[in-house]
Amino acid sequence: MRIETRNASRALATIMTVFLLTVTIATVSVGAEPKIIKVPDNYPTIQEAINSALPGDKIIVGPGEYYGAIVNKSVEIMGEGGAVIVDGPPYGLDSTINIGFFLEAWTSSGATISGFTFFVDLPVFGRVVDEVTVEHNIMNAPFQGVTCVCGNRWVIRYNDINGLTNLTTGGLGIWIVSSWILNLPANDNLVAFNKITADFPVSIDINAGIALSSWGGQVTGNKVVHNRIVMTGWIGWTFAIAMAAWNQTLPPQTYMLGNMIGFNDLRRSSYDFVFCYPPELVNYNVISRNLGENRAYDGVPPHIFNPAV
C-alpha cells in the first residue's frame, strides 16, 4: 500500500513537472506583449523607431513633418493627429524620386501603414512582400500611390490619392504587378473603397487610377471593388482602370485570370471603363457592375509603359 502510494506521488510529481515545463515553453514561445513606440517622444525619427522595434510592435507617429523610412520588419506604423511624410529614401539610384515607406522584400511581410498624409513621389512601395495593409492615408500628387510588386494578400483600402502625376511616364494610383524581372505572382490582393483623382494635361504613356498588370508572372484572385476614380485629361492614354498582360509569348489566360473588377464608380473619368490588353482578358476575368461604361475595351497597344518597379 505504501509502495503504491509512493509510486502515485512520484507519478503526480512527474505530471506536475511536465505541466510546468509545458507552460513555461508556451509562455516563452508566445513572447512578450507587443510594445508601443512613439515618435517623436521615444525616438525623433521613424527610421530609428523601426530599427528599435521587434516584429509585431506598433509605432505611433505624432503630428509634424517627417522623413519616411525603410521598413524591414512586420510592424504597424500609424500616423496620428497630422503626421505628414514630406521626403524619404530615394528610389534606387534616382535621387530625384523619393519614397515614403519602402517595404523590404520578405522581411516586412505583415506590415501596416495607416493614418499618414504624403507629399512624396512613391508613398508606399513594396517588392516581394506579402500581407501588407495600407489604409486611411492621404497621398497628394504622387507618381504611384501604392505599388505592390510581386506581393500577395495586400489590403489597400480607404486611401485618398489626390492629383496623381505622371513625371516622365504613366501615373498609377494603385498598381498591382508581377514584374518582368522577378516573374513572381501578385495574387489575392484587395483594393477597395479608395478615392483617386488626376487631371493630366499631357502624357507619353498610359495613366490609370488602378492597374493590374503582368509580364508573365501569375496575377489571379485580385479584387478591385467599390473604388471611386476620376481620371481626366489626356484622351487616349488615361483610363480609370487598366488590366494588361504584356507577355506576348504566353496566352494570357495561363497567367492573368480570375480577377474581379466590380462596383467601382468611374463616371467622371475621360475613359470611364476598364481598359484591357489584350482584349481577350475579358473572357477570363470578371468585370461587372461598374458605374460608367463598365465595358472592357482594347484601347491602345502596349507602349513604353515603364513605371517604377
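The following conversation discusses a predicted model of one protein chain.

Biologist: What does the secondary structure of the chain come to?

Modeller: In this predicted model, the chain has two helices and 27 strands.

Biologist: How many residues does the chain have, and what percentage count as buried?

Modeller: The chain has 309 residues, and 50% of them count as buried.

Biologist: And how much area does the chain expose?

Modeller: The exposed area is about 14,100 Å², and carbon and sulfur atoms supply 59% of that area.

Biologist: Among contacts between residues at least 6 apart in sequence, how many join residues at least 24 apart?

Modeller: Of those contacts, 58% join residues at least 24 apart.

Biologist: Turning to the interior, which residues touch the most other members of the largest nonpolar core?

Modeller: That core has 58 residues, and I46, I59, I77, F101 and F116 touch the most other members. Strand 22, residues 238–245, gives the largest share of this core, with four residues. As a general point, nonpolar side chains in soluble globular proteins tend to be buried together.

Biologist: What does I46 touch, leaving out residues up to four places away in sequence?

Modeller: I46 touches V39, V61, Y66, Y67, A69, I77, I85, F101 and F116. Two of these partners, F101 and F116, have already been named for their contacts within the core.

Biologist: Which residues are among the members of the other core?

Modeller: The other core lies apart from the largest one and has 24 residues, including I97, F143, W175 and W246.

Biologist: W246 is an aromatic residue in that list; how are the rings of W246 and Y277 arranged?

Modeller: The search of the whole structure finds nine aromatic pairs. In the pair of W246 and Y277, the ring centres are 5.5 Å apart and the planes are at 25 degrees, so the pair is stacked. W246 lies in the loop between strand 22 and strand 23 (256–257), while Y277 lies in strand 25 (residues 274–277), so the pair ties together parts that are 31 residues apart in sequence.

Biologist: Are W246 and Y277 buried or exposed?

Modeller: Both W246 and Y277 are buried.

Biologist: Which residues form an aromatic cluster?

Modeller: Y91, F102 and F125 form one aromatic cluster.

Biologist: Changing topic, how many salt bridges are there?

Modeller: The count comes to four salt bridges. One of them joins the side chains of R153 and D130, at 3.8 Å from N to O. R153 is in the loop between strand 12 (144–149) and strand 13 (155–157), and D130 is in the loop between strand 9 (122–127) and strand 10 (133–135), so the pair ties together parts that are 23 residues apart in sequence.

Biologist: Are R153 and D130 linked with anything else, and if so, which residue?

Modeller: E131 belongs with D130 and R153 in a network of salt bridges. R153 is partly exposed, with a relative accessible area of 39%, and D130 is also partly exposed, at 22%.

Biologist: Which residue forms a salt bridge with E135?

Modeller: The partner of E135 is R157, and their closest N and O atoms are 2.8 Å apart. E135 lies in strand 10 and R157 in strand 13, so this pair ties together parts that are 22 residues apart in sequence.

Biologist: Is E135 buried or exposed?

Modeller: E135 counts as buried because its relative accessibility of 15% is under 20%. R157, at 32%, counts as partly exposed.

Biologist: What about R267 and D265?

Modeller: Their side chains meet in a salt bridge, at 2.9 Å from N to O. R267 is exposed, with a relative accessible area of 51%, whereas D265 counts as buried at 16%.

Methods:
Residues numbered from 1 in each chain as written. Predicted model: local features only at pLDDT ≥ 70, side-chain atom pairs only at ≥ 80, totals over all residues. Heavy atoms only, no water. Core = buried A, V, L, I, M, F, W, Y, C linked by side-chain atoms within 4.5 Å. Buried < 20%, exposed > 50% of the residue type's maximum accessible area, 1.4 Å probe, protein only. Contact = heavy atoms within 4.5 Å. Areas by Shrake-Rupley, 256 points an atom, 1.4 Å probe, with all protein chains shown as cover. Phe/Tyr/Trp six-rings, centres within 6.5 Å; stacked < 30°, edge-to-face > 60°.
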